[in-house]
Amino acid sequence: MPGLPTESNAVVALSAPDVCRPSPSSALEQEVVDLFEQWRNPLLRYLLGSSLAVPDSEDIIQETFLALFQHLRRGKSRENLRGWLFRVAHNLALKKHHRNRRDVKNIPEPMTAGTDSFIDSFIDPAPNPEDQLATSQTQQRILAVVRALPEQNRWCLYLRAEGLRYREIAEVLNMSLGAVSLALERSLAHIARASQR
Amino acid sequence: MLSEESHLSDQELLQAVDGELSARDAGRVHSHLVACWACRARQQEIETSIGEFIRMHRRNLDPRIPSADGPRALLKAQLSQLAAPPRMHWRISWALAAAACVLALSAYLIGLNWPWRSPERVVAVMVPNPSLTPGATVLLDRSEVCMESNTKNKAVPVALQRRVFDEYGMRSAAPGAYEVDYLITPALGGADDIHNLWPQAYTATVWNAQVKDALEDHLRDLVCAGQLDLATAQREIATNWIEAYKKYFHTDRPLTHAQAN
């Protein structure tokens, strides 16, 4: 029948809004891959530090960088992409923890002091024989102290360890600058006591 | 010269180490440290604690970080897919296709017309014919589906509605008796395509268009809350939306509007 849309016409009509988007370029893909190279390990350390398992953490990182691609493709702000990446990954991690808590079977084994997984994950694979015992004992104490910190303080510490400035940490965790400063100071005071014992 | 009482706080010392003080405060702290051994010693202790923590942190976590090769390749593949222009793709399950073939063969063998092409049967049909309306989706990811602008169904062009009636052998159907509805709603990534459209009878009193709308809203909420995979939502609604409704609302009968919300 004349005038009736064909199947291929329907596809074209469907795609029309997408054609109006900024055209995706391989340069943008490459930029996102370059940022992945730069920030994947720091993000992974941050997520693993929050007790997520490696596969869950890798999934979150994939989702974070795909979101970054969409963010940049839509021409949104390029200011402080490092903070943006950590904020998105942090929020996805919170969701994942929430889901894991609902499904108890999926909760990864928490690394608490005194368990084998705690000690196994902590011990240096190639320790210096002379310092091994003393070092491992001190570091076990520090790890135990860090894990006993309030969640927010621990996140501050992990984000600072990945090089984020106080303002970036405040934005990722939705805290005030003063609260970030106080959290770091208190956490380091606990660590100092653990390492001097 | 600063007195004993005016020593720097640990927070000031830490902020100085971290370069977080304003230029004015940094100058004040520096002047104090030059003069005060006690505060310098305290600052060194803070730096030592930072060193101890970083060593523990890296030794604990770095060995657990796998190679980036696999994740990098996966990211590149996903980026290529995202960057490609949206294209149609069909989510016809093999089981669904096989069931449709068996039905067609049975109808042929017993000498009946294709049941959905019979006007009498069409009136009673509440789920679409899977061979004519298997469901079709546009390649969108969750974030695109969950954009606020993607909540309303687009109107189906009249010409396309006529094609749907033709497909279902309902050329003489009264236009006001049916709504040409999306099987997979565009709010869930459904395509504006004939394979995703079917004539839903207004005469259906129980499993009607309003009930299906409630299911679509509910599935979209679950998808956007990260509680349901988008592909699963599309498959469930395409396979049998009534069964999907029963499953996701935990009921055998449609809920009232208030209950569904």
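Which residues of helix α1 (residues 10-17) of chain B are buried? In this predicted model, the buried set consists of B:E12, B:L13, B:L14, B:Q15 and B:A16. Their cover comes from both chains. It includes α9 of chain A, along with α2 (23-35) and α3 (37-61) of chain B. The backbone just after α1(B) has a feature of its own: B:G19 adopts a positive phi of about 65°.

Chain B as a whole comprises twelve helices and four strands. Of its 261 residues, 28% are buried. Contacts within chain B were also sorted by sequence separation. Among those between residues at least 6 apart in sequence, 75% join residues at least 24 apart.

One helix pair within chain B was examined in detail. The axes of α9 (residues 209-224) and α10 (residues 230-239) of chain B come within 9 Å and cross at roughly 165°. An angle over 145 degrees counts as roughly antiparallel, so α9(B) is roughly antiparallel to α10(B). The crossing of the two helices is right-handed. On the α9(B) side, the contact uses B:L215, B:L219, B:L222 and B:V223. On the α10(B) side, B:L230, B:A233 and B:I237 take part. By class, the residues of this contact are seven nonpolar, no polar and no charged.

The interface between the chains was considered next. Here 50 residues of chain A are in contact with 47 residues of chain B. Several helices of chain A each supply at least two residues to the side that touches chain B: α1 (7-19), α2, α3 (54-73), α5 (116-122), α6 (132-148), α7 (151-161) and α9 (177-196). The greatest contribution is that of α2(A), with ten residues. The class make-up of this side of chain A is 31 nonpolar, ten polar and nine charged residues.

Helix α2(A) packs against a helix of the partner chain. Its axis and that of α4 (residues 69-83) of chain B come within 10 Å and cross at roughly 155°. The angle again exceeds the cut-off, being over 145 degrees. The two helices, α2(A) and α4(B), are therefore roughly antiparallel to each other. The crossing of α2(A) with α4(B) is right-handed. From α2(A), the participants are A:E29, A:V32, A:V33, A:F36 and A:R40. They meet B:P71, B:R72, B:L75, B:K76, B:L79, B:S80 and B:A83 in α4(B). This contact contains seven nonpolar, one polar and four charged residues.

Within chain A, α2(A) also has a helical neighbour. The axes of α2 (residues 26-49) and α4 (residues 81-102) of chain A come within 11 Å. They cross at roughly 40°. The angle is not under 35 degrees, the limit for roughly parallel. Helices α2(A) and α4(A) are therefore oblique to each other. The crossing of α2(A) with α4(A) is right-handed. Helix α2(A) contributes A:L35, A:W39, A:L43, A:Y46 and A:L47 to the contact. Helix α4(A) contributes A:L81, A:R82, A:L85, A:F86, A:A89 and A:A93. Ten of these residues are nonpolar, none is polar and one is charged.

Helix α2(A) thus takes part in two described contacts, with α4(A) in its own chain and with α4(B) in the partner chain.

Definitions and conventions. Residues numbered from 1 in each chain as written. Chains lettered and ligands numbered in written order. Predicted model: local features only at pLDDT ≥ 70, side-chain atom pairs only at ≥ 80, totals over all residues. Axes fitted to C-alpha atoms, helices over the stretch in contact; angles between N-to-C directions. Parallel < 35°, antiparallel > 145°, perpendicular 65-115°, else oblique. Left-handed = near helix turned anticlockwise from the far one by under 90°. Contact = placed C-beta atoms within 7 Å. Nonpolar A, V, L, I, M, F, W, Y, C, P; charged D, E, K, R; others polar. Buried ≥ 20, exposed ≤ 12 C-beta atoms within 10 Å, placed from the backbone.
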